[in-house]
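Here are some short exercises to work through with the model open beside you. Try each task before reading its solution.

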Amino acid sequence: MGKLASEEFHVGLFGNNDKRRLVKRCKAKSRRTGERCKAPATRSKAVCRFHGGCSTGPRTDEGRARSAAAKTVHGTETRAIRAARKAFTKRLAALVELGRLCGAFPPKPSSRRKA
Ligand SMILES: [Zn+2]
């Protein structure tokens with residue numbers, strides 16, 4: 001494997017030394033030894049077939065929902081909560097702007113930096 005750029009990250013497969021194709025090595029870490037797997041990774045993936053390289057992830061809507069529910073850690077920060085906060089902030093900014101127009105608030109400072 002003379003001309004391999006990085007043997008740590010690539011392994012030559014298929015054919016003799018001249019016609020070998022470079023493929024990535026699996027980046028999964030072994031729970032048992034703590035070392036990297038280093039098996040050839042599945043095409044266009046970063047891990048080998050034993051470490052999820054053949055996995056397509058959830059395909060159906062039901063499966064996606066189940067996966068999202070399983071991966072929800074605490075639920076204090078969700079898309080719905082972020083959207084609600086964003087809407088509230090937008091309304092608040094509009095109210096502040098209205099207050100400025102009425103003269104209830106001081107005018108917006110032109111710039112933070114002062115020459
Ligand atoms: Zn692996």
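**Exercise 1.** Over which residues does pLDDT stay under 50, and how many contacts beyond four places in sequence does the model have for them?

*Solution.* This is a predicted model, so begin with its confidence. The stretch to find is residues 1-5, where pLDDT stays under 50. For these residues the model has six contacts beyond four places in sequence. Take care with that stretch: where pLDDT is low, the predicted coordinates should not be read in detail. Then turn to the whole chain, which averages a pLDDT of 82, with 80% of the residues scoring at least 70.

**Exercise 2.** List the elements of the chain in order, and find which has the lowest and which the highest mean pLDDT.

*Solution.* Start with the count: the chain has two helices and two strands. Their order along the sequence is β-β-α-α. Now compare the mean pLDDT of the elements: strand S1 (residues 10-13) has the lowest, 69, and helix H2 (residues 79-102) the highest, 94.

**Exercise 3.** Check the length of H2 against the expected span, then look at how well H2 is covered.

*Solution.* First, take the 24 residues of H2 at 1.5 Å a residue, using one less than the number of residues. The expected span is therefore 34 Å, and the end C-alpha atoms are 35 Å apart, which agrees. Next, count the buried residues in H2: there are zero among its 24 residues, so H2 is hardly covered. Across the chain, buried residues make up 4% of the 115 residues. Finally, step just past the end of H2, where Gly103 takes a positive phi of about 90 degrees.

**Exercise 4.** Lys38 and Ser44 each have a positive phi. Where are they found, and is each one exposed or partly exposed?

*Solution.* As background, most residues other than glycine have a negative phi. Phi of Lys38 is near 70 degrees, and that of Ser44 is near 60 degrees. Lys38 is found in the loop between strand S2 (21-24) and helix H1 (61-71), and Ser44 also sits in the loop between S2 and H1. Now count neighbours: Lys38 has 16 C-beta neighbours inside 10 Å, so it counts as partly exposed. Ser44 has 8 other C-beta atoms within 10 Å and is therefore exposed.

**Exercise 5.** Among contacts between residues at least 6 apart in sequence, what percentage joins residues at least 24 apart?

*Solution.* Take the contacts in the chain between residues at least 6 apart, then keep those joining residues at least 24 apart: they make up 5%.

Note on methods. Residues numbered from 1 in each chain as written. Predicted model: local features only at pLDDT ≥ 70, side-chain atom pairs only at ≥ 80, totals over all residues. pLDDT = per-residue confidence, 0-100. Helix = DSSP H or I, 4+ residues; strand = E, 2+ residues; numbered from the N terminus. Contact = placed C-beta atoms within 7 Å. Buried ≥ 20, exposed ≤ 12 C-beta atoms within 10 Å, placed from the backbone.
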